[in-house]
Amino acid sequence: MKKILVATGGGDCPGLNAVIRAIVKSADMHGGWEVYGSIEAFNGVLSEPTEIVRLTESNTAGIHVRGGTIIRTTNKGNPLAYPVQLPDSTWTTKDISGELVQKIRDFGFDAVVNIGGDGSQKISQALFEQGLNIIGVPKTIDNDLSATDLTFGFSTAVQIATDSFDKLVTTAESHHRVMIMEVMGRDAGWIALHTAIAGGAEICLIPEIPYDIEKVTWKINKRYNDGRGFVNIVVAEGARPLEGNVMAQQAKDVGDEHLKLGGIANYLRCQIEKIGCEAQVRTTILGHVQRGGSPIAFDRILATAMGVKAFELMDSGDFGKMVTYKNNEIGSVAITEAISRYNFLSPAHYLVRTARSLGVSFGDWM
Ligand code: F6P
């Protein structure tokens, strides 16, 4: 029997369990493979005692419907910069990837599937370069990986954001208010743009197009002057004003290198109020609601197809690849290519043009 180790790393996302189930089912159908899961990304391998669980048809049955990941995840376990406490109680980081690869080998694993976003796939590549048989499966609700047209979890996040937006429209209308809804999207505005079009926003602010507050308020005033007594705005957490920076704080947790974004909705409210907007302005920050709960059918299917492809790549020994979804087909690319650039939203993208044609303001034009 050959042994596969599966890990889920970074922020969770609806669809992770569907990938795990698909790998287990494929391995079962094919025969000759046993599947194991490392708890909390690779921490399960590194911890003493280890936390590695056998994944079977019976303990993964029906999990494609469930959000989160049954093998847990963490953003504090990067083996390339692993947190280590010094005798004086301060923390430093150390590259323990060699130790990790050795441990995986010692446990008798023949191959590893690492399901995660950009950061996790950088880890996959480093482990591959050290000789580990590894396959990457992309994951992020932000949809910011360039090698794949879509990542599972993204469409679910858009659905959740759109449902919330629809609710804010009715209350905005009742109170003649300006409603600002902040959605996720650190570097790319995919969730914000999709939600703006699906929900019918007047203003959509995204990281790729820094906004001019004068142009935002011009649009708000125009809407009120035209007799439409309310405005709905979608803003991505990574959006920023022309003359400013993103709203972020350094993570407090040891081992988490990511900036914690959030707060642009409230900053924007203050800007709008300061400029003299007479309407009441209210903010909603959706936050992790967008990453929770059951994946919609599309994401279950995409995640399942990606899990099956990961098994096929592994079974044929085609390592160092990341599964992709391009032009309506499941495929793969070298992980090095997958991590070489982000999937930023081009201001020339057809959906940006679509939104502009509907009169949606990105805060850059009157
Ligand atoms: O990268 C995905 C993402 O959902 C971002 O949009 C967001 O900024 C981040 O994760 C939040 O991560 P955490 O779980 O650390 O708060």
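The dialogue below covers helix packing, aromatic pairs, burial and backbone geometry in a predicted model.

User: What are the ground rules on pLDDT and numbering?

Analyst: The model is predicted; local features need pLDDT of at least 70, side-chain atom pairs count only at pLDDT 80 or more, and totals for chains, interfaces and linings use all residues. Residues are numbered from 1 along each chain as its sequence is written, and side-chain values use heavy atoms, with hydrogens and water left out.

User: Why is H1 called oblique to H10?

Analyst: The axes of H1 (residues 16-30) and H10 (residues 297-315) cross at roughly 45 degrees and come within 7 Å. That crossing makes H1 oblique to H10. Angles under 35 degrees count as roughly parallel, over 145 as roughly antiparallel, 65 to 115 as roughly perpendicular, and the rest as oblique. Axes are lines fitted to C-alpha atoms, for helices over the stretch in contact, and angles run from 0 to 180 degrees between N-to-C directions. Helices (H or I, at least four residues) and strands (E, at least two) are DSSP runs, numbered from the N terminus.

User: Which residues of H1 and H10 make the contact?

Analyst: Contact means heavy atoms within 4.5 Å. H1 contributes Ala 18, Val 19, Ala 22, Ile 23, Ser 26, Ala 27 and His 30. From H10 come Arg 300, Ala 303, Thr 304, Gly 307, Val 308, Phe 311 and Asp 315.

User: What makes Trp 33 and Phe 311 an edge-to-face pair?

Analyst: Their centres are 6.0 Å apart, with 80 degrees between the planes. Rings of Phe, Tyr and Trp (its six-membered ring) pair if their centres lie within 6.5 Å; planes under 30 degrees apart count as stacked, over 60 as edge-to-face and the rest as tilted. The pair links strand E2 (residues 33-38) to helix H10, 278 residues apart.

User: How do you know that Tyr 36 and Phe 109 are edge-to-face too, and what does the pair tie together?

Analyst: Centre to centre, the rings of Tyr 36 and Phe 109 are 5.5 Å apart, and the planes meet at 70 degrees, which is edge-to-face. Tyr 36 lies in strand E2 and Phe 109 in the loop between helix H4 (97-106) and strand E6 (111-116), so the pair ties together parts 73 residues apart in sequence. Tyr 36 and Phe 109 are both buried.

User: Why does Leu 5 count as buried?

Analyst: Leu 5 has 0% relative accessibility, so it counts as buried. Buried means under 20% relative accessible area, exposed over 50%, partly exposed in between (1.4 Å probe, protein chains only). Leu 5 sits in strand E1 (residues 2-8). Beyond its neighbours within four places in sequence, its contacts include Tyr 36 and Phe 109.

User: What makes Ile 233 buried?

Analyst: Ile 233 has 0% relative accessibility, so it counts as buried. Its place is strand E10 (residues 231-236). Among the residues it touches are Val 178, Ile 203 and Leu 268, not counting residues up to four places away in sequence.

User: Why is Ser 89 partly exposed but Asn 328 exposed?

Analyst: Ser 89 has 47% relative accessibility, so it counts as partly exposed. Asn 328 is exposed, because its relative accessible area is 63%.

User: What is phi at Ser 89 and at Asn 328?

Analyst: Phi of Ser 89 is near 75 degrees, a positive value in a residue other than glycine. For Asn 328, phi is near 65 degrees, also positive. Most residues other than glycine have a negative phi.

User: Which bond is cis, and where does Pro 49 lie?

Analyst: The peptide bond joining Glu 48 and Pro 49 is cis, with omega about -5 degrees. Pro 49 lies in the loop between helix H2 (43-46) and strand E3 (52-55).
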